[in-house]
Amino acid sequence: MKRNLAVLAALVGAASAAHAQDPTPTFVLAGFSEPEPVQQSTGYKPSTLVGFRTGFLMATDAEEAVPFVGLGARFPIADMAAVEVSMDFWTDEFADGDAEVFHAPLMVSGMFYFQIEIPTTTPYIIAGVGLHSMSIGYSGALSAEEGDTASEFSFHAGAGLEMTVGSSLKVHMDVRWILLDPDPAAAALDDEEFDTVQFTFGLDFKF
């Protein structure tokens with residue numbers, strides 16, 4: 001009997017020693033990393049742009065709206081300001097089509113951009129002056145008049161949107177009111193109004 005008790009005690013002792021050597025189970029909670037702070041928009045800054053322009057315009061007393069083509073460049077001068085230099089070309093008609101006027105204005109404009117939350121689209125306002133070259137040809141009832149040329153200063157102002165569509169490409173759309181008061185030779189044009197509304201779409205390459 002004593003021998004059996006000794007064997008049982010030995011077995012219990014061995015089991016206790018084995019249990020003591022087992023590693024204590026541990027419970028590890030999944031770690032949660034802190035969310036990264038939201039990157040704030042760096043805002044818009046103008047870039048040096050060179051591009052092509054097109055659209056249409058309508059002089060106050062012209063027979064109809066006409067298309068135009070042109071070239072333009074924009075140069076930043078401050079964080080939210082730029083200077084635009086542009087030259088456009090178009091022909092419109094007055095006096096029931098008897099006076100055909102070719103325009104080639106060289107315009108210099110100051111631009112101010114408004115910083116907004118959407119970094120790819122930025123509104124702006126624009127204003128400036130131009131040297132407005134005109135060549136007038138006459139026909140029909142005015143065929144007795146000699147063609148003449150004129151260079152007049154013009155003023156313009158407007159507003160638009162500039163949009164980023166790629167790493168080196170932008171587009172812009174704007175509307176401008178051009179104030180122009182030439183003095184053509186033909187008396188029939190004395191009462192004609194040459195002030196013009198211009199709607200522009202531009203494709204610009206960033207440098």
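**Figure 1. The buried salt bridge between E162 and R74.** In this predicted model, E162 has a relative accessibility of 1% and therefore counts as buried, the cut-off being under 20%. Its partner R74 is likewise classed as buried, because its relative accessibility is 2%. The two side chains form a salt bridge in which the closest N and O atoms lie 2.7 Å apart. This pair connects distant parts of the chain, with R74 in strand β2 (residues 66-78) and E162 in strand β6 (residues 148-164), at a separation of 88 residues.

**Figure 2. R176 and its salt-bridge partners E84 and D174.** R176 forms a salt bridge with E84, for which the closest N and O atoms are 2.9 Å apart. Here too distant parts of the chain are linked, since 92 residues separate E84, in strand β3 (residues 81-94), from R176, in strand β7 (residues 169-179). E84 counts as buried because its relative accessibility is 2%, and R176 counts as buried because its value is 1%. R176 also forms a salt bridge with D174, the closest N and O atoms being 3.1 Å apart, and D174 is buried, as is R176. Through shared partners, salt bridges join R53, R74, E84, D88, E162, K170, D174 and R176 into one network. The structure holds 8 salt bridges.

**Figure 3. D204, a buried acidic residue without a salt bridge.** D204 is found in strand β8, which spans residues 196-206. Although D204 is buried, it has no salt bridge, and the nearest side chain of opposite charge, that of R74, is 5.0 Å away. A salt bridge requires a side-chain nitrogen of Lys or Arg within 4 Å of a carboxyl oxygen of Asp or Glu, so the distance of 5.0 Å to R74 does not qualify. The side chain of D204 does make a polar contact of 2.7 Å with the side chain of H172. When neighbours within four places in sequence are left aside, the residues in contact with D204 are L49, V50, G51, S168, L169, K170, V171 and H172.

**Figure 4. The largest nonpolar core and the surroundings of L189.** The largest nonpolar core contains 14 residues, of which F94, A99, V101, Y138, L189 and F194 touch the most other members. Strands β4 (99-113) and β5 (121-138) each supply at least two residues of this core, and the largest share, 3 residues, comes from β5. Apart from its neighbours within four places in sequence, L189 is in contact with F94, A95, A99, I136, Y138, P184 and F194. A second core, separate from the one around L189, has 7 residues and includes Y44, A82, M111 and I126.

**Figure 5. The whole chain as context for the close-up views.** The protein has 1 helix and 8 strands, and along the sequence these elements follow the pattern α-β-β-β-β-β-β-β-β. Of the 207 residues in the protein, 35% are buried. Among contacts with a separation of 6 or more, 60% are between residues 24 or more positions apart. The protein exposes about 12,700 Å², and carbon and sulfur atoms supply 64% of this area.

How values were computed:
Residues numbered from 1 in each chain as written. Predicted model: local features only at pLDDT ≥ 70, side-chain atom pairs only at ≥ 80, totals over all residues. Heavy atoms only, no water. Helix = DSSP H or I, 4+ residues; strand = E, 2+ residues; numbered from the N terminus. Buried < 20%, exposed > 50% of the residue type's maximum accessible area, 1.4 Å probe, protein only. Lys, Arg positive; Asp, Glu negative; His and termini not counted. Polar contact = N/O pair within 3.5 Å; in protein donor to acceptor, adjacent residues only side chain to side chain. Contact = heavy atoms within 4.5 Å. Core = buried A, V, L, I, M, F, W, Y, C linked by side-chain atoms within 4.5 Å. Areas by Shrake-Rupley, 256 points an atom, 1.4 Å probe, with all protein chains shown as cover.
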